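Here are a few exercises to work through with the viewer open. Try each task before you read its solution.

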Amino acid sequence: MDSAGQDINLNSPNKGLLSDSMTDVPVDTALAAQTPAVEGLTEAEEEELRAELAKVEEEIVTLRQVLAAKERHCAELKRKLGLSALEGLKQNLSKSWHDVQVSNAYMKTSEKLGEWNEKVTQSDLYKKTQETLSQAGQKTSAALSTMGSAISRKLGDMRNSATFKSFEDRVGTIKSKVVGGRENGSENLPSPTGSGAKPLPDHTPF
């Protein structure tokens, strides 16, 4: 048995030792880090794609730098014009909402909701429910009107009843007695200039 196949047994005293042939093998780190080529691509095509990828990434970095510079310039112009951050936020929200409204997803959702609404309003169940609610409202109004008429009629009957008239006569009698008693009491009050008053003495100065 050669040295490369030795020490496979875990119970061997030399299980932690590597052979000289294994320790002398060089490790190419660049080759290990390199991504394996995609199947179906030649080396020339892979190099071309990698070059294009590097170019696109460089353009992305450049565009980000240009965008940051434009944003700083925009903020400086807003500061000079006296535009506050709140107004900018309102404009951004308004623009975002406008973008949402003109988006395909929003328009499709609105159309779908419109179709559902039309289907619901045209369905037999919706029509029956609407008719039932309308009839219930009419019945409720009629019941309230009938109740009001019954209450008014009942009050009229009470006013015309003998008991109510007797009570009204008693109240009128008590009122006339009270008013008459007040008038008689005012007539019996002594007058300060009446005949029963004694004349004031005439004090003649000496």
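A salt bridge here is a side-chain nitrogen of Lys or Arg within 4 Å of a carboxyl oxygen of Asp or Glu. Keep in mind that this is a predicted model.

**Exercise 1. The salt bridges**

Task: Find how many salt bridges the whole structure has, and work out how the partners of each are placed along their helix.

Solution:

Step 1. Run the search over the whole structure, and three salt bridges turn up.

Step 2. Start in helix α4, where the side chains of D99 and K95 meet with an N to O distance of 3.2 Å. These two are four residues apart in helix α4, so about one helical turn separates them. As for accessibility, D99 is partly exposed at 36%, while K95 counts as exposed at 53%.

Step 3. Go on to helix α3 and the pair R50 and E46, whose side chains meet at 3.1 Å, N to O. Again the spacing is four residues, now in helix α3, which puts about one helical turn between R50 and E46. R50 is partly exposed, at 38% relative accessibility. E46 has a relative accessible area of 13% and is buried, since the cut-off for buried is under 20%.

Step 4. Finish with R79 and E76, which form a salt bridge at 2.4 Å, N to O. They sit three residues apart in helix α3, so they too are separated by about one helical turn. R79 is exposed at 56%, and E76 is partly exposed at 31%.

Step 5. Now for the spacing: an α-helix has 3.6 residues a turn, so residues three or four places apart point the same way.

**Exercise 2. The aromatic pair**

Task: Search the structure for aromatic pairs, then decide whether the rings of W97 and Y106 are stacked or edge-to-face.

Solution:

Step 1. The search of the whole structure gives one aromatic pair. The ring centres of W97 and Y106 are 5.8 Å apart and their planes make an angle of 75°, so this is an edge-to-face pair. The cut-off behind that call is an angle over 60 degrees.

Step 2. Check how open the two residues are. W97, in helix α4, is partly exposed with a relative accessible area of 46%. Y106 is partly exposed too, at 30%.

**Exercise 3. The nonpolar patch**

Task: Which residues make the nonpolar surface patch, and which helices supply at least two residues each?

Solution:

Step 1. The patch is made by W97, V100, Y106 and M107, and covers about 370 Å².

Step 2. Map it onto the helices: α4 (85-101) and α5 (104-122) each supply at least two of its residues.

Step 3. Take a closer look at M107, which lies in helix α5. Its relative accessibility is 41%, so M107 counts as partly exposed. Leaving out residues up to four places away in sequence, M107 touches Q101 and V102.

**Exercise 4. Checking the span of α3**

Task: Does the end-to-end distance of helix α3 agree or disagree with 1.5 Å a residue?

Solution:

Step 1. Helix α3 takes in residues 43-81, which is 39 residues. The expected span is 1.5 Å times one less than the number of residues, so α3 should span 57 Å.

Step 2. Compare that with the model: the end C-alpha atoms of α3 are 57 Å apart, which agrees.

Step 3. Look just past the end of the helix. G82 follows α3, and its phi is positive, near 80°.

**Exercise 5. The whole chain**

Task: Describe the protein chain by its helices and strands, its buried residues and its exposed area.

Solution:

Step 1. Count the elements: the protein chain has seven helices and zero strands. Read from the N terminus, the order is α-α-α-α-α-α-α.

Step 2. Turn to burial. Of the 206 residues in the protein chain, 2% are buried. E46, at 13% relative accessible area, is one of the buried residues.

Step 3. Last, the surface. The protein chain exposes about 19400 Å², and 59% of that comes from carbon and sulfur atoms.

Conventions:
Residues numbered from 1 in each chain as written. Predicted model: local features only at pLDDT ≥ 70, side-chain atom pairs only at ≥ 80, totals over all residues. Heavy atoms only, no water. Phe/Tyr/Trp six-rings, centres within 6.5 Å; stacked < 30°, edge-to-face > 60°. Buried < 20%, exposed > 50% of the residue type's maximum accessible area, 1.4 Å probe, protein only. Areas by Shrake-Rupley, 256 points an atom, 1.4 Å probe, with all protein chains shown as cover. Patch = residues over 30% accessible without salt bridge, like charges linked within 9 Å, V, L, I, M, F, W, Y side chains within 5 Å. Contact = heavy atoms within 4.5 Å.
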